[in-house]
There are 2 protein chains.
Amino acid sequence: MTEKPLPTTYDDLVDIISAKYENLSKRLKQIASYALDNPSEFAIDTIAETADKAAVQPSALVRFAKAFGYDGFSDIQKIFQKRLLEKAPSYATRLKAIRSGTRNTPYDLLNQFAEANIRQLQYLQQEIQPEKLAQAVRLMDRADTIYIFAMRRAFPLAAYIYYSLSSMGRRAQLIDNTGGLYMQQAQQISKNDMLIVASFAEYTPYVSQVSADAHNRGISVVAITDHPLSPLTPVSNICFHVKEASVYDFRALSASMCLAQSLVIGLGVKGYISKEDIYPDNG
Amino acid sequence: MTEKPLPTTYDDLVDIISAKYENLSKRLKQIASYALDNPSEFAIDTIAETADKAAVQPSALVRFAKAFGYDGFSDIQKIFQKRLLEKAPSYATRLKAIRSGTRNTPYDLLNQFAEANIRQLQYLQQEIQPEKLAQAVRLMDRADTIYIFAMRRAFPLAAYIYYSLSSMGRRAQLIDNTGGLYMQQAQQISKNDMLIVASFAEYTPYVSQVSADAHNRGISVVAITDHPLSPLTPVSNICFHVKEASVYDFRALSASMCLAQSLVIGLGVKGYISKEDIYPDNG
DNA sequence: AATAATTTAGAAAATATATTCTTTTAGATA
DNA sequence: TATCTAAAAGAATATATTTTCTAAATTATT
């Protein structure tokens, strides 16, 4: 084995550990995965404490360190300690940086975007009406099949809802407009079903069209949109208005995604509680 | 002096130290102010290192600890260590706190989920490596066509990226496995293109397979996944590890969504800026 | 199935670390 | 300034932690 330069930063070390992981012995794998899962504790605990928590021998930790070229445990632990000391700047510092300098590195954008998303989530918590939420979940719970339709920017929402419902064993259908057949797909919705739609400005006419059609036929519709004057408002039974943040005209999705997740989980928990015996371990 | 309960949290300790500060001896004041100024280092360094940095004798540190009622240096240092561990909490721990004692109305769930999402976003800001982000955007910028592939829970990410890139006029292809042809779709990727993949535990083999194939063929791959030991790590050029929170085993998506958005916007802004540089005075 | 090679556990040794104790220094009081 | 008291330094000691080493166990190879 030739002399490779030892990683001196946590990130480099993670890369190396990831790369070599598959070639490690069972016990060393165990340690690698403990260390990567609990880097902070690994930095602070003594070798005995870490050994205990990772359920290995102290000597195994020394072997682990040596397997990556270090002199011993203390050496590799220092890398983890450095990470803790160099932890990113505080919240306040970051905010200042965001406000003052207007450089636009992807990192700056990420910070701006994260901040914007956080604000929207806090706003969502304040603004959402608990009763509406409960009603929506009730409608979903009663439905035989839950149909979902959204396009363009809202499509990820639909994809998420469809995936979650399916994987929790609920009957769900995604109207995906395959072959341009969205109307035919929507026609399938029957009285015992319900429909979830989502659409944001500029509103996709298809979505409001399907929603209107279902609504006229007496089918329950839950809508997620961005404004009280959205075309979905008049054609839905329950309509959530979620304001989304935007950075450079790129609109975020976190708040509506969070709402969608809450609906799905609300249903899941409800189902889980009543169907506890049937699906004891289901996620 | 009667037995007062010793502070067990960092915040309490800070209060006590502040209160007693004026009555401390010169050397102990020196230590107090060092400790409060450098709580992280104080937590990690040995007594000798701290003594050195604070320019005092090791024994003075013991006296310091005893002045506040602790048995010795190690005891008071533990408080500082606890702070460091709680600063970078495991989400599991925090979420448990959120969970406990709450009912499970959809509204409660939304609040829990929003909190979880917010923490994730903050964590993302701390953990992300600016340079990696910049590199990823550079790869995207150089590519002729950007291919995107993700399935199941990660699929909404792919849908979002695909939609955004397309709507900003970038050539993009979503590998959507229509007709089970994902491999054939992936074969289309050429040397001048790049691939973005996303996959979370339990990892979809298709995604790592496509990623590995592209990577072997020398195509740049940017991966979004959830752990350093993910199967995507070894088969990608740039790999982001985003820890996602979960509520009742429903995993969130905000952090990775935010990351994806930053990549896309980073590219958008970059394109805008570089064209401006080329045609500085042009309309 | 037997042998070799690797990995692991656990105890022993070496090292590092924290604490105590004695001596020295500094500061306060008369 | 002399005397007393409190604080500090530094060496000595006790404790804890890490590392090494050997025997046992596991895994791979013939």
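## Close-up views of the predicted model

**Helix H10 (residues 155-167) of chain B lies across E1, E2, E3 and strand E4 (220-225) of chain B, and runs at about 160 degrees to E1(B).** The view is taken from a predicted model. Helix H12 (residues 205-216) of chain B likewise lies across strands, namely E1, E3 and E4 of chain B, and its direction makes an angle of about 155 degrees with E3(B).

**Five strands of chain B make up an open sheet with parallel pairing, in the order E2-E1-E3-E4-E5.** Because strand E2 (172-174) and strand E5 (238-241) of chain B each have a single partner strand, they stand at the edges, and one side of each is left without a neighbour in the sheet. On average, and with direction ignored, neighbouring strands of this sheet are turned by 15 degrees against each other. Within the sheet, strand E1 (residues 146-150) of chain B pairs with strand E3 (residues 194-198) of chain B in the parallel sense, over five bridges. For B:Ile146, the bridge partner in E3(B) is B:Met194.

**The largest nonpolar core holds 143 residues, among which A:Ile148, A:Ala158, B:Ile148 and B:Ala158 touch the most other members.** The element that gives the most to this core is helix H8 (residues 106-127) of chain B, with 10 residues. A second core, separate from this one, has 41 residues and includes A:Leu13, A:Ala32, A:Phe64 and B:Ile31. When neighbours within four places in sequence are left aside, B:Ile148 is in contact with B:Ala158, B:Ile161, B:Tyr162, B:Ala172, B:Leu174, B:Ile175 and B:Ile196.

**At the interface between the two protein chains, 62 residues of chain A are in contact with 58 residues of chain B.** On the side of chain A that touches chain B, the elements that each supply at least two residues include helix H1 (10-20), helix H8 (106-127), helix H9 (130-142) and helix H13 (254-274) of chain A. By class, this side of chain A has 40 nonpolar, 16 polar and six charged residues.

**DNA strand C is surrounded by 19 residues, of which the closest are A:Arg27, A:Ser59, B:Ile47, B:Gly72 and B:Phe73.** At least two residues of the surface near this strand come from each of H2 and helix H5 (58-67) of chain A, and from each of helix H4 (47-54), helix H5 (58-67) and helix H6 (73-87) of chain B. The surface near DNA strand C has eight nonpolar, seven polar and four charged residues.

**DNA strand D is surrounded by 18 residues, of which the closest are A:Ile47, A:Gly72, A:Phe73, B:Arg27 and B:Ser59.** Two or more residues of the surface near this strand are given by each of helix H4 (47-54), H5 and H6 of chain A, together with helix H2 (26-37) and H5 of chain B. By class, the residues of the surface near DNA strand D comprise eight nonpolar, seven polar and three charged.

**A:Arg251 is found in strand E7 (residues 250-251) of chain A.** With 18 other C-beta atoms within 10 Å, A:Arg251 is partly exposed. Apart from its neighbours within four places in sequence, A:Arg251 is in contact with A:Arg153, A:Glu244 and A:Ser246. A:Tyr107 lies 144 residues from A:Arg251 in sequence, and the two are 17 Å apart in space, C-alpha to C-alpha. For chain A as a whole, buried residues make up 45% of the 283 residues.

Conventions. Residues numbered from 1 in each chain as written. Chains lettered and ligands numbered in written order. Predicted model: local features only at pLDDT ≥ 70, side-chain atom pairs only at ≥ 80, totals over all residues. Contact = placed C-beta atoms within 7 Å. Helix = DSSP H or I, 4+ residues; strand = E, 2+ residues; numbered from the N terminus. Nonpolar A, V, L, I, M, F, W, Y, C, P; charged D, E, K, R; others polar. Near = placed C-beta within 6 Å. Core = buried A, V, L, I, M, F, W, Y, C linked by C-beta atoms within 7 Å. Buried ≥ 20, exposed ≤ 12 C-beta atoms within 10 Å, placed from the backbone. Pairing = 2+ DSSP bridges. Axes fitted to C-alpha atoms, helices over the stretch in contact; angles between N-to-C directions.
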